[in-house]
Amino acid sequence: MKIKQRAALFIILVQLLLAASAAAQVRHEINFPDVLGYKTLKCDFHMHTVFSDGTVWPTVRVDEAWREGLDAISITDHIEYQPHKQDVPPNFARSYEIALPGAKEMNILLIKAAEITRETPPGHFNVLFLQDIDPLNTEDLIDATKAAAAQKGFIFWNHPGWKPEHRGWFDIHTQLYENKLMHGIEVTNGESYYPEAHQWALEKNLTMLGNSDIHQPALESETSADNHRTMTLVFVRERNADALKEALFEGRTAIWFKNQLIGKGKYLEALFKESVRIGKPHHRTKDAVWVTLTNASAVGIEMERVGTQGPEKLTLPPNATSLLKTARAEGTEEIKLSYVVRNFLIAPDKGLPVDLTIDLR
Ligand SMILES: [Zn+2]
Ligand SMILES: [Zn+2]
């Protein structure tokens, strides 16, 4: 190869490398509408670093959160399980301290947290909004959760269906719950969904959470309806840690898990209403009408008809506009199409009922 050619090739390679590193820092926004006067924050409250059994340095978690369009994260290294301790000296505060400067630069809310780790039952519990993690390092679980509660920490039960042989709600969970030492529960964790946890959350009014519990580096930076980390949507008065804490204690959450939303009916209903825009009929014949349906959210909406009118199945892909043709009787001023949104779960196996109203006037 001639020197000129080599130089040209070298320049191309450098440009490619620069383009790759610049692209790595792009933030891919996730679209979910604000609802009921609250802002919708995209959050992941469960992840690990080399300071427990994760394989990444804490700053990496913040970079990932930025690229994947998250608003808030907490690093929840295990207090009692430190497999890298020969190389990384145990220090419960360090993962937070190391991640904080980058979080400030990227405007990611970083919540100081830890994972209390016990055999199943009782299992694992995350605590968010801690001042000092050290007092949680106790022999007895109740003492650890009391130390967390003394700091007004938000405590939730992690991956409650993790060990199938010990699956269930035990006396210790009742004890925690009745003493207000458990405020929330992971209904989903990573790739797992726990219908029984979903039911307990509804019955006991526990805040529903869905988190990644990621240990390895996040290899995907672009989020799509089919390919994204499991996350919690939190409906806050303001985008800050205090408002986030208030919202979590008040149970204002929904979960984005695979191509599903899971949460209380009122929040899923509000998300549906703010996401789906029904256009004005733009074309009509004697017996049919055409309208557009726009889905301004990141989740693909999958509906099944429960009424008598409209297509049997109606799918609204994310961030896209779909065309709907439906029959109309002469002289009608309004068409009401009744559906169930199969992938908006308001209880295990129960989709959200919705009406689509088309105004013909
Ligand atoms: Zn765990
Ligand atoms: Zn964990």
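This section describes the two zinc sites of the predicted model and the surroundings of helix α6.

The zinc ion (ligand 1) is held by three protein donors, namely Glu115 through OE, His124 through ND1 and His159 through NE2, at 2.1 to 2.2 Å from the metal. Along the sequence these donor residues follow the spacing E-x8-H-x34-H. His124 and His159 bring together distant parts of the chain: His124 belongs to strand β4 (residues 124–128), whereas His159 lies in the loop between β5 (154–157) and α5 (171–178), and the two are 35 residues apart. Both histidines are withdrawn from the surface. His124 has a relative accessible area of 7%, and for His159 the value is likewise 7%; because buried denotes a relative accessible area under 20%, His124 is classed as buried, as is His159.

The zinc ion (ligand 2) has the protein donors His46 (NE2), His48 (NE2), Glu115 (OE) and Asp213 (OD), which lie 2.0 to 2.5 Å from the ion. The corresponding sequence spacing is H-x1-H-x66-E-x97-D. Angles among the four donor atoms run from 76 to 162°, and the site is irregular. A tetrahedral assignment would require all angles to lie between 85 and 135 degrees, a condition that the range of 76 to 162° does not meet. This site also links distant parts of the chain, with His46 in the loop between β1 (39–44) and α2 (58–67) and Glu115 in strand β3 (residues 109–117), 69 residues apart. His46 is buried, at a relative accessible area of 0%, and Glu115 is buried at 1% relative accessibility.

The two sites are joined through a shared ligand. Glu115 coordinates both the zinc ion (ligand 1) and the zinc ion (ligand 2), and the separation of the two ions is 3.3 Å.

Helix α6 spans residues 195–204, and its buried residues are Ala197, His198, Trp200 and Ala201. Viewed down the axis of α6, the buried residues are confined to an arc of 165° and therefore line one face of the helix. The elements that cover the buried residues of α6 include strands β5, β6 (184–189), β7 (192–193), β8 (207–211), β11 (260–263) and β18 (334–347). Immediately after α6, Asn205 adopts a positive phi of about 55°. Strand β5 thus appears in both parts of this description: β5 is among the elements covering the buried residues of α6, and the loop that carries the zinc donor His159 lies between β5 and α5.

Terms used
Residues are numbered from 1 along each chain as its sequence is written. Chains are lettered from A and ligands numbered from 1 in the order in which they are written. This is a predicted model: local features need pLDDT of at least 70, side-chain atom pairs count only at pLDDT 80 or more; totals for chains, interfaces and linings use all residues. Side-chain values use heavy atoms; hydrogens and water are left out. Donors are N, O and S atoms within 2.8 Å of the metal (3.2 Å for Na, K and Ca); water is not among the atoms, so sites may look incomplete. Helices (H or I, at least four residues) and strands (E, at least two) are DSSP runs, numbered from the N terminus. Buried means under 20% relative accessible area, exposed over 50%, partly exposed in between (1.4 Å probe, protein chains only). Four donors count as tetrahedral if all angles lie between 85 and 135 degrees; four count as square planar and six as octahedral if opposite donors are over 155 degrees apart and all others between 65 and 115; anything else is irregular. The arc is that of the directions from the helix axis to the C-beta atoms. Contact means heavy atoms within 4.5 Å.
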